Amino acid sequence: MSTCVITGAASGIGAGLARHAATLGMNLVLADWDEAALTSLAQSLPVETLAMPTDVRDEAAVQGLAEAAYDRFGAVDLVFNNAGVLSSGLSWEIDAATWQRSLDVNIGGVVNTIRAFVPRLIAADRPARIVNTSSLGGFLTSPFMSPYSATKFAIVAISEALAAE
(Lines give C-alpha, C1' and ligand atoms only; values in the text may rest on other atoms or scores of the structure.)
Protein backbone atom coordinates (compact mmCIF):
# COMPACT_ATOMS: atom_id res chain seq x y z
CA MET A 1 0.00 0.00 0.00
CA SER A 2 1.39 3.41 -0.95
CA THR A 3 1.37 6.37 1.42
CA CYS A 4 0.77 9.96 0.37
CA VAL A 5 1.43 13.06 2.49
CA ILE A 6 -0.41 16.26 1.59
CA THR A 7 0.12 19.66 3.19
CA GLY A 8 -2.63 22.21 2.77
CA ALA A 9 -4.99 19.25 2.58
CA ALA A 10 -8.13 20.71 4.13
CA SER A 11 -9.33 22.66 1.09
CA GLY A 12 -8.79 23.46 -2.56
CA ILE A 13 -6.14 21.54 -4.47
CA GLY A 14 -5.04 19.71 -1.32
CA ALA A 15 -8.50 18.31 -0.65
CA GLY A 16 -8.83 17.34 -4.31
CA LEU A 17 -5.48 15.53 -4.15
CA ALA A 18 -6.61 13.71 -1.01
CA ARG A 19 -9.87 12.59 -2.59
CA HIS A 20 -8.07 11.36 -5.71
CA ALA A 21 -5.37 9.54 -3.73
CA ALA A 22 -8.14 7.85 -1.73
CA THR A 23 -9.68 6.52 -4.97
CA LEU A 24 -6.28 4.93 -5.66
CA GLY A 25 -6.38 3.23 -2.26
CA MET A 26 -3.40 5.12 -0.85
CA ASN A 27 -2.86 5.63 2.88
CA LEU A 28 -3.07 9.34 3.57
CA VAL A 29 -1.27 11.71 5.89
CA LEU A 30 -3.13 15.00 5.75
CA ALA A 31 -1.81 18.25 7.19
CA ASP A 32 -3.38 21.69 7.44
CA TRP A 33 -3.70 24.50 9.97
CA ASP A 34 -7.52 24.27 9.83
CA GLU A 35 -8.15 21.38 12.22
CA ALA A 36 -11.94 21.27 11.79
CA ALA A 37 -11.84 21.14 7.99
CA LEU A 38 -8.96 18.65 8.11
CA THR A 39 -10.84 16.32 10.45
CA SER A 40 -13.99 16.56 8.34
CA LEU A 41 -12.10 15.66 5.18
CA ALA A 42 -10.26 12.77 6.83
CA GLN A 43 -13.50 11.30 8.16
CA SER A 44 -15.04 11.44 4.68
CA LEU A 45 -12.33 9.35 3.04
CA PRO A 46 -12.61 5.55 2.70
CA VAL A 47 -8.91 4.83 3.35
CA GLU A 48 -6.61 4.79 6.37
CA THR A 49 -5.91 8.43 7.15
CA LEU A 50 -3.77 10.28 9.65
CA ALA A 51 -4.94 13.89 9.99
CA MET A 52 -2.43 16.16 11.70
CA PRO A 53 -3.07 19.84 12.29
CA THR A 54 0.22 21.37 11.15
CA ASP A 55 1.48 24.89 10.62
CA VAL A 56 4.07 24.47 7.84
CA ARG A 57 5.78 27.66 9.02
CA ASP A 58 6.91 25.73 12.11
CA GLU A 59 9.90 23.52 11.30
CA ALA A 60 9.41 21.38 14.42
CA ALA A 61 5.75 20.80 13.53
CA VAL A 62 6.68 19.64 10.02
CA GLN A 63 9.40 17.36 11.43
CA GLY A 64 6.71 15.95 13.73
CA LEU A 65 4.46 15.38 10.72
CA ALA A 66 7.21 13.38 9.01
CA GLU A 67 7.90 11.35 12.15
CA ALA A 68 4.20 10.59 12.59
CA ALA A 69 3.85 9.55 8.93
CA TYR A 70 6.73 7.11 9.16
CA ASP A 71 5.67 5.83 12.59
CA ARG A 72 2.15 5.13 11.37
CA PHE A 73 2.79 3.79 7.88
CA GLY A 74 6.48 2.81 7.82
CA ALA A 75 7.19 4.52 4.51
CA VAL A 76 6.13 7.48 2.39
CA ASP A 77 5.86 7.27 -1.38
CA LEU A 78 4.52 10.66 -2.35
CA VAL A 79 4.62 14.10 -0.72
CA PHE A 80 2.49 16.93 -2.04
CA ASN A 81 4.05 20.11 -0.69
CA ASN A 82 0.87 22.04 -1.29
CA ALA A 83 0.15 24.42 1.61
CA GLY A 84 -0.06 28.03 0.48
CA VAL A 85 -1.77 31.36 0.97
CA LEU A 86 -2.92 34.00 -1.49
CA SER A 87 -2.52 37.66 -0.58
CA SER A 88 -3.56 40.43 -2.89
CA GLY A 89 -3.62 44.20 -3.15
CA LEU A 90 -1.42 46.99 -4.36
CA SER A 91 2.20 46.01 -3.73
CA TRP A 92 2.94 49.14 -1.71
CA GLU A 93 -0.24 48.87 0.34
CA ILE A 94 0.11 45.27 1.46
CA ASP A 95 1.24 45.42 5.07
CA ALA A 96 4.49 43.88 6.27
CA ALA A 97 2.72 41.15 8.25
CA THR A 98 0.86 39.96 5.15
CA TRP A 99 4.05 39.92 3.10
CA GLN A 100 5.81 37.97 5.84
CA ARG A 101 2.99 35.44 6.16
CA SER A 102 3.14 34.81 2.40
CA LEU A 103 6.90 34.29 2.56
CA ASP A 104 6.69 32.09 5.66
CA VAL A 105 3.90 29.83 4.42
CA ASN A 106 4.58 29.68 0.69
CA ILE A 107 8.37 29.50 0.78
CA GLY A 108 9.18 28.54 4.37
CA GLY A 109 6.58 25.78 4.34
CA VAL A 110 8.03 24.29 1.16
CA VAL A 111 11.54 24.41 2.61
CA ASN A 112 10.44 22.91 5.94
CA THR A 113 8.66 20.06 4.18
CA ILE A 114 11.64 19.36 1.91
CA ARG A 115 13.96 19.32 4.94
CA ALA A 116 11.64 16.98 6.87
CA PHE A 117 10.88 14.48 4.10
CA VAL A 118 13.61 14.42 1.43
CA PRO A 119 16.35 12.96 3.67
CA ARG A 120 13.92 10.21 4.73
CA LEU A 121 12.86 9.57 1.12
CA ILE A 122 16.51 9.26 0.07
CA ALA A 123 17.41 7.02 3.03
CA ALA A 124 14.58 4.62 2.15
CA ASP A 125 16.35 3.91 -1.15
CA ARG A 126 13.13 3.20 -3.01
CA PRO A 127 11.08 5.09 -5.58
CA ALA A 128 9.35 8.14 -4.09
CA ARG A 129 8.38 11.64 -5.19
CA ILE A 130 7.91 15.10 -3.74
CA VAL A 131 5.72 17.55 -5.64
CA ASN A 132 5.92 21.26 -4.81
CA THR A 133 2.76 23.11 -5.77
CA SER A 134 3.36 26.42 -7.50
CA SER A 135 0.84 27.78 -9.98
CA LEU A 136 0.64 29.86 -13.10
CA GLY A 137 1.65 32.60 -10.66
CA GLY A 138 5.10 30.98 -10.63
CA PHE A 139 5.58 31.74 -14.31
CA LEU A 140 3.54 34.88 -14.97
CA THR A 141 3.05 37.85 -12.69
CA SER A 142 -0.34 39.37 -12.10
CA PRO A 143 -1.19 42.83 -10.86
CA PHE A 144 -2.38 42.98 -7.25
CA MET A 145 -0.68 39.65 -6.46
CA SER A 146 2.95 40.53 -5.71
CA PRO A 147 3.37 38.36 -2.59
CA TYR A 148 1.72 35.40 -4.28
CA SER A 149 3.68 35.72 -7.53
CA ALA A 150 7.01 36.29 -5.77
CA THR A 151 6.58 33.23 -3.59
CA LYS A 152 5.33 31.03 -6.41
CA PHE A 153 8.32 32.03 -8.57
CA ALA A 154 10.52 31.02 -5.63
CA ILE A 155 8.82 27.62 -5.44
CA VAL A 156 9.61 27.01 -9.11
CA ALA A 157 13.28 27.89 -8.48
CA ILE A 158 13.46 25.68 -5.38
CA SER A 159 11.84 22.81 -7.28
CA GLU A 160 14.21 23.11 -10.23
CA ALA A 161 17.22 23.17 -7.91
CA LEU A 162 15.87 20.20 -5.95
CA ALA A 163 15.36 18.21 -9.16
CA ALA A 164 18.94 18.90 -10.24
CA GLU A 165 20.26 17.93 -6.81
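**Figure 1. Aspartate 125 in the loop between helix 4 and strand 5 of the predicted model.** Aspartate 125 is exposed, at a relative accessible area of 71%; exposed denotes over 50%, buried under 20%, and partly exposed the range in between (1.4 Å probe, protein chains only). Its phi is near 50 degrees, a positive value in a residue other than glycine. Most residues other than glycine have a negative phi. Residues are numbered from 1 along each chain as its sequence is written. Because the model is predicted, local features need pLDDT of at least 70 and side-chain atom pairs count only at pLDDT 80 or more, whereas totals for chains, interfaces and linings use all residues; side-chain values use heavy atoms, with hydrogens and water left out.

**Figure 2. Phenylalanine 144 in the loop between strand 5 and helix 5 (146-164).** Phenylalanine 144, although not a glycine, has a positive phi of about 70 degrees. This residue is partly exposed, with a relative accessible area of 48%.

**Figure 3. The open sheet of five strands.** The strand order is 3-2-1-4-5 and the pairing is parallel; two strands pair if DSSP finds at least two bridges between them. Strand 3 (49-53) and strand 5 (129-132) each have a single partner strand and stand at the edges, so one side of each is left without a neighbour in the sheet. On average, neighbouring strands are turned by 10 degrees against each other, direction ignored. Helices (H or I, at least four residues) and strands (E, at least two) are DSSP runs, numbered from the N terminus.

**Figure 4. Strand 1 (residues 3-7) and strand 4 (residues 78-81), with helix 4 (residues 96-124).** The two parallel strands are joined by three bridges, and isoleucine 6 stands opposite phenylalanine 80 in strand 4. Helix 4 packs on the sheet, touching strand 1, strand 4 and strand 5, where contact means heavy atoms within 4.5 Å. The direction of helix 4 makes about 170 degrees with that of strand 4; axes are lines fitted to C-alpha atoms, for helices over the stretch in contact, and angles run from 0 to 180 degrees between N-to-C directions.

**Figure 5. Packing of helix 4 against helix 5.** The helices pack at an angle of about 15 degrees, with their axes 9 Å apart. Helix 4 is therefore roughly parallel to helix 5, a term for angles under 35 degrees. Among the residues that meet are Trp99, Leu103 and Val110 in helix 4 and Tyr148, Ile155 and Leu162 in helix 5.

Notes. Angles under 35 degrees count as roughly parallel, over 145 as roughly antiparallel, 65 to 115 as roughly perpendicular and the rest as oblique.
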